[in-house]
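Welcome! Take a moment to look over the sequence and turn the model around on your screen. We will then walk through it together.

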Amino acid sequence: MREDIEAHIAGYLAEHPDISVSDVLSEVKVLEGDTAERILEEAQALPADLIVLGSYGHSALTELLVGSVAHEVTMGAKVPVLLVPIHH
């Protein structure tokens, strides 16, 4: 999975040479457990300046019924959270 993610990132950056990430400290981790909890734990352990998440933009009803990782992280984070829309 890690290799797939890294390949996807490399491909995206190759297609968008106008985007520079040389000054951004980042890493890819594959962790197990409750997604929102793990993101918040990792953000605090780093310590992170910003959390960036992809979001499908579910309806309020769907979020109420099944929850939303993005919502949980946004509500629990001690640093800013940037939600990036995911389009399929």
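Leaving aside its neighbours within four places in sequence, which residues is Ala 77 in contact with? The answer is Leu 40 and Ile 51. Keep that little group in mind while we look at the whole chain. What you see is a predicted model.

The protein chain has four helices and two strands. Starting from the N terminus, you meet them in the order α-α-β-α-α-β. Of the chain's 88 residues, 14% count as buried. The accessible surface comes to about 7,200 Å², and carbon and sulfur atoms account for 58% of that. Now think about contacts between residues at least 6 apart in sequence: 63% of these join residues at least 24 apart.

Let us go inside. Ala 77 belongs to the largest nonpolar core, which has eight residues in all. Its other members are Ala 36, Ala 43, Ala 48, Ile 51, Leu 53, Ala 70 and Val 73. Three elements, α2, β1 and α4 (69–76), give two or more residues each to this core.

Strand β1, residues 51–55, deserves a closer look, as its side chains alternate. Ile 51, Leu 53 and Ser 55 point to one face and are buried. Val 52 and Gly 54 point to the other face and are not buried. Beside β1, find strand β2, residues 81–85: the two strands run parallel and are joined by five bridges. Across this pairing, Leu 53 stands opposite Leu 83 in β2.

Next, follow the chain back from β1 to Leu 50, whose place is in the loop between α2 (35–45) and β1. Is Leu 50 buried or exposed? Leu 50 counts as partly exposed because its relative accessible area is 43%, while buried means under 20% and exposed means over 50%.

Leu 50 also shows how distant parts of a sequence can meet. Leu 50 and Val 79 are 29 residues apart in sequence, but C-alpha to C-alpha they are 5.8 Å apart in space. Setting aside neighbours within four places in sequence, Leu 50 is in contact with Val 79, Pro 80, Val 81 and Leu 82.

Finally, come out to the surface. Here Leu 50 forms a nonpolar patch with Val 52, Leu 82 and Val 84. Together these residues have about 320 Å² of accessible area. Val 52 sits in strand β1, and its side chain points to the face opposite that of Ile 51, Leu 53 and Ser 55.

Conventions. Residues are numbered from 1 along each chain as its sequence is written. This is a predicted model: local features need pLDDT of at least 70, side-chain atom pairs count only at pLDDT 80 or more; totals for chains, interfaces and linings use all residues. Side-chain values use heavy atoms; hydrogens and water are left out. Buried means under 20% relative accessible area, exposed over 50%, partly exposed in between (1.4 Å probe, protein chains only). Two strands pair if DSSP finds at least two bridges between them. Patches are made of residues with over 30% relative accessible area and no salt bridge: like charges are joined within 9 Å, nonpolar side chains (Val, Leu, Ile, Met, Phe, Trp, Tyr) within 5 Å. Accessible areas come from the Shrake-Rupley method with a 1.4 Å probe; for residues, only the protein chains shown count as cover. A salt bridge is a side-chain nitrogen of Lys or Arg within 4 Å of a carboxyl oxygen of Asp or Glu. Contact means heavy atoms within 4.5 Å. A nonpolar core is a set of buried Ala, Val, Leu, Ile, Met, Phe, Trp, Tyr and Cys residues joined through side-chain atoms within 4.5 Å.
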